[in-house]
Amino acid sequence: MISQKVFLPRIGASPALLSFRSISVQSEFSKNFVKCNGLNRAGFSGLVFCPGMLFNSMEKWWGDAGRRSRPHEGVDVLLYMDIHGQIHTLDTATKIPVMYSGETAAVHDDFLGKSMYVRHEIYDDRGWQLHTVYGHVTPVNGVQKGGIVKGGDVIAEIADGRRKNAQVLSHLHISMAWISETVPCELLNWETMGNSDMVMLLNPLEVMQLKKEQVQTSSKIKTSGRGVCRPHYSNK
Ligand SMILES: [Zn+2]
């Protein structure tokens, strides 16, 4: 468990950026993610994000590629590039390591699988607690509400959304947020995450320890039909 409290300066105009510049809550998520999925064997070079997969984006990256109903509450992890520049989609059953030690506070169904909310012993200066959320997943055996997890433990796999007739490719959604202690576990859901004054969303990419060249945004990923995602190469 992370035992020390982290104190932040008063939240200013750009709270998310201020928070992560001011404290050290870097997660070894990326290293653990590559390791537990054996992606180095595939010549992993870095995760790739279409603009619509990024935090706060108003764009969809699937279906009609229109507008989202509200800003994206996190990042969508689906694509990675190998050392030859080829883009791959992650398989369903890709393993998901938890970003920090903590306690599983809630698990509920979402439109592709389940969403898991993990709270960590990391606080801001108001006493709001850091939460990470893993959406569209299947919890692995033994991980359930109330369970204690250690940073790097595999807690879930990407769910196979085809079982739910999804219009989007199976992928991992990650959210991070400071959440007030006044929000009970029962209210940890997407409605609260997107709308509550008691939740301050953060950009997960700020702490995922991706090297700069590993974060590539690409608008050349074309989506069509039922979430079919086809990489396009303008220079080939
Ligand atoms: Zn998402």
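**Group meeting talk: strand β8 and its surroundings**

Among the contacts in this protein between residues at least 6 apart in sequence, 63% join residues at least 24 apart. I should say at once that what we are looking at is a predicted model, and I would ask you to hear everything that follows in that light. The secondary structure comes to three helices and 15 strands, and of the 236 residues of the protein, 37% count as buried.

Let me begin with strand β8, residues 129-139. Is this strand largely enclosed or largely open? Nine of its eleven residues are buried, and therefore the rest of the structure largely encloses β8.

The pairing of β8 can be taken one partner at a time. With strand β7, residues 114-123, β8 runs antiparallel, and six bridges join the two; within that pairing, Y123 stands opposite Q129 in β8. The hairpin that these two strands form has five residues between the strands, and there G127 takes a positive phi near 90°. With strand β11, residues 172-179, β8 is again antiparallel, this time through seven bridges, and if you follow T132 across to β11 you will find M176 as its bridge partner. Strand β10, residues 154-158, is likewise joined to β8 in antiparallel fashion, by three bridges, and here V137 stands opposite I158.

One residue of β8 deserves a separate remark, and a general point helps to introduce it. Most residues other than glycine have a negative phi, and most peptide bonds are trans. H136, which has its place in strand β8, has a positive phi of about 65° although it is not a glycine. How many other C-beta atoms lie within 10 Å of H136? There are 26, and because 20 or more are enough for a residue to count as buried, H136 is buried.

From β8 it is natural to move to the nonpolar core. In soluble globular proteins, nonpolar side chains tend to be buried together. In this model the largest nonpolar core has 56 residues, of which M116, Y134, V137 and A177 touch the most other members. The largest share of this core, six residues, comes from β11. If we set aside residues up to four places away in sequence, what does A177 touch? Its contacts are H131, M193, V199, M200, L201 and L202.

Let me now turn to another sheet, an open one of four strands, whose order is β4-β3-β1-β13 and whose pairing is mixed. Its edge strands are β4, residues 87-89, and β13, residues 216-217, each of which pairs on one side only. Toward the β4 edge, three bridges join strand β3, residues 79-82, to β4, and the two strands run antiparallel; one of the pairs to look for is M81 with its bridge partner I87 in β4.

Among the helices, I will speak about α2, residues 29-36, where the buried residues are F29, S30, N32 and F33. Seen down the axis of α2, these buried residues fall within an arc of 165°, and so they line one face of the helix. What covers them includes β5, residues 95-97. Just after α2, G38 takes a positive phi of about 60°.

I would like to finish in the loop between β1, residues 44-49, and β2, residues 75-77, which is where N56 is found. N56 has a positive phi of about 70° although it is not a glycine. Its surroundings hold 14 other C-beta atoms within 10 Å, and N56 is accordingly partly exposed. M58 is also found in the loop between β1 and β2, and with 13 C-beta neighbours inside 10 Å it counts as partly exposed. Which residues does M58 touch, leaving out those up to four places away in sequence? They are R67, R68 and P71. For R68 we can add a distance: M58 and R68 are ten residues apart along the chain, and their C-alpha atoms are separated by 5.1 Å.

How values were computed
Residues are numbered from 1 along each chain as its sequence is written. This is a predicted model: local features need pLDDT of at least 70, side-chain atom pairs count only at pLDDT 80 or more; totals for chains, interfaces and linings use all residues. A residue is buried if 20 or more other C-beta atoms lie within 10 Å of its own, exposed if 12 or fewer, and partly exposed in between; C-beta atoms are placed from the backbone. Two strands pair if DSSP finds at least two bridges between them. A nonpolar core is a set of buried Ala, Val, Leu, Ile, Met, Phe, Trp, Tyr and Cys residues joined through C-beta atoms within 7 Å. Two residues are in contact if their C-beta atoms, placed from the backbone, lie within 7 Å. The arc is that of the directions from the helix axis to the C-beta atoms.
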